[in-house]
Amino acid sequence: MKLKHLLVAVAVMAAPLAHVGDASCVMAQLIKPKAKKAKTTAVADDSKYLMKGAVPVVDGQVRFSETVAAPGQTKDALFATLKDAVQKQIIEGPDHLEKARLTEVDAAEGLIVASVEEYLYFKRKAWSMDRVRFTYQLILTAKDGSYSVEMRRLQYQYDDVPNAEVLYAEDWITDEEALTDGGKKLAKKAGKFRRGTIDRKDAVFAILRQATNK
């Protein structure tokens, strides 16, 4: 009888251990580390900056220009709208500097000339910033049903570098200066100036189009 009781006791003790073993296997599967997904790095699309002629050079000077149709709008109405947009959204824009101002306003000719000075940011983060003082001239001419705008005399200067030289667009952002590898890549230093300038030009021209799109 004693041997029979001993065998029963061993069986009873072994049963819970078997369950514990099963539970351990289940837990091991539950906490098994998940396979890490491969990280994908976004590749910047530089196609518009790599286009030949994206930075027009006229008579040796970088000049961006655009003529915009404004059907049904008179010269006087366009002049007033453009003057207001230049003053409030560009000269007094969020990154403007103290020298930005209107330098010529002629309602009879529909002419608006502005000398713009603002910060152009290449990088703007809490722990890192790269910017230059960006100056340029805007010339706008309003006519019945359309207006034209030109951006020229583009210059850059780092104001956090002692005795920093003035950099001219003609020496930095043209196809010859800013494109490398047969036009397939942006130059390391000049490329950021080309990219930032084209983006700012697009933003300025968009402000004027939106203001007159009635």
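Reader: Let's start with a strand pairing. In β5, which residue is the bridge partner of Y121?

Author: That's R131. Bear in mind that we're looking at a predicted model here. The pair belongs to a longer ladder: β4 and β5 run antiparallel and are joined by 13 bridges. Another rung of that pairing puts V113 with I139 of β5.

Reader: How many residues does the hairpin use to get from β4 to β5?

Author: The hairpin joins them through 4 residues. You can follow the chain from β4 (111-124) into β5 (129-143).

Reader: And β5 with β6, how many bridges do they share, and in which sense do they pair?

Author: They pair in the antiparallel sense, over 10 bridges. Look at K143, whose bridge partner in β6 is S146. This hairpin has 2 residues between its strands, and G145 in the turn has a positive phi of about 85°.

Reader: Which residue has a positive phi in the turn of the β3 and β4 hairpin?

Author: There it's G110, with a phi of about 70°, in a hairpin that has 4 residues between β3 and β4. Those strands run antiparallel too, joined by 5 bridges. To find your place, look for V105, which stands opposite I112 in β4.

Reader: Okay, zoom out for me. How many helices and strands does the protein chain have?

Author: The chain comes to 5 helices and 9 strands. In sequence order the pattern reads α-α-β-β-α-β-β-β-β-β-α-β-β-α. Of the 214 residues, 36% are buried. For contacts between residues at least 6 apart in sequence, 57% join residues at least 24 apart.

Reader: Now helices. Which residues of α3 are buried?

Author: Start with the general idea: an α-helix has 3.6 residues a turn, so residues three or four places apart point the same way. Now the case here: the buried residues in α3 are L78, F79, T81, L82, A85, V86, I90 and I91.

Reader: What do those buried residues pack against?

Author: They pack against β3, β4, β5, β6 and α5. So you can link the hairpin strands we just walked through to this helix, since β3, β4, β5 and β6 are among the partners of its buried residues.

Reader: How do I read the α5 part of that packing? What are the angle and the axis distance for α3 and α5?

Author: In general, two packed helices are described by the angle between their axes and the distance between the axes. For α3 and α5 the angle is about 135°, and the axes are 9 Å apart. The two helices are therefore oblique to each other. On the α3 side, the contact is made by L78, T81, L82, A85, V86, Q89 and I90, and on the α5 side by R200, V204, I207, L208, A211 and T212. As for handedness, α3 passes α5 in a right-handed crossing.

Reader: While we're on α5, is R194 buried or exposed?

Author: Buried, with a relative accessible area of 0%. R194 sits in helix α5, which covers residues 190-212.

Reader: An arginine, so I'd like to see its polar partners. Which backbone oxygen does the side chain of R194 reach at 2.6 Å?

Author: That of Y49. The backbone oxygen of M51 also lies 3.1 Å from a polar atom of the R194 side chain. Setting aside neighbours within four places in sequence, the contacts of R194 include Y49 and M51, along with A54, V55, I173, T174, D175, A178, L179 and L186.

Reader: Let's compare with some loop positions. Where is E92?

Author: E92 is in the loop between α3 (75-91) and β3 (101-106). E92 counts as partly exposed because its relative accessible area is 45%. Its side chain makes a polar contact with the side chain of Q87, at 2.7 Å. E92 and E118 are 26 residues apart along the chain, and their C-alpha atoms are separated by 9.4 Å.

Reader: And G60, is that buried or exposed?

Author: G60 counts as exposed, at 53% relative accessibility. You'll find G60 in the loop between β1 (57-58) and β2 (61-69). G60 and E170 are 110 residues apart in sequence, with 7.6 Å from C-alpha to C-alpha.

Technical notes: Residues numbered from 1 in each chain as written. Predicted model: local features only at pLDDT ≥ 70, side-chain atom pairs only at ≥ 80, totals over all residues. Heavy atoms only, no water. Buried < 20%, exposed > 50% of the residue type's maximum accessible area, 1.4 Å probe, protein only. Polar contact = N/O pair within 3.5 Å; in protein donor to acceptor, adjacent residues only side chain to side chain. Contact = heavy atoms within 4.5 Å. Pairing = 2+ DSSP bridges. Axes fitted to C-alpha atoms, helices over the stretch in contact; angles between N-to-C directions. Parallel < 35°, antiparallel > 145°, perpendicular 65-115°, else oblique. Left-handed = near helix turned anticlockwise from the far one by under 90°.
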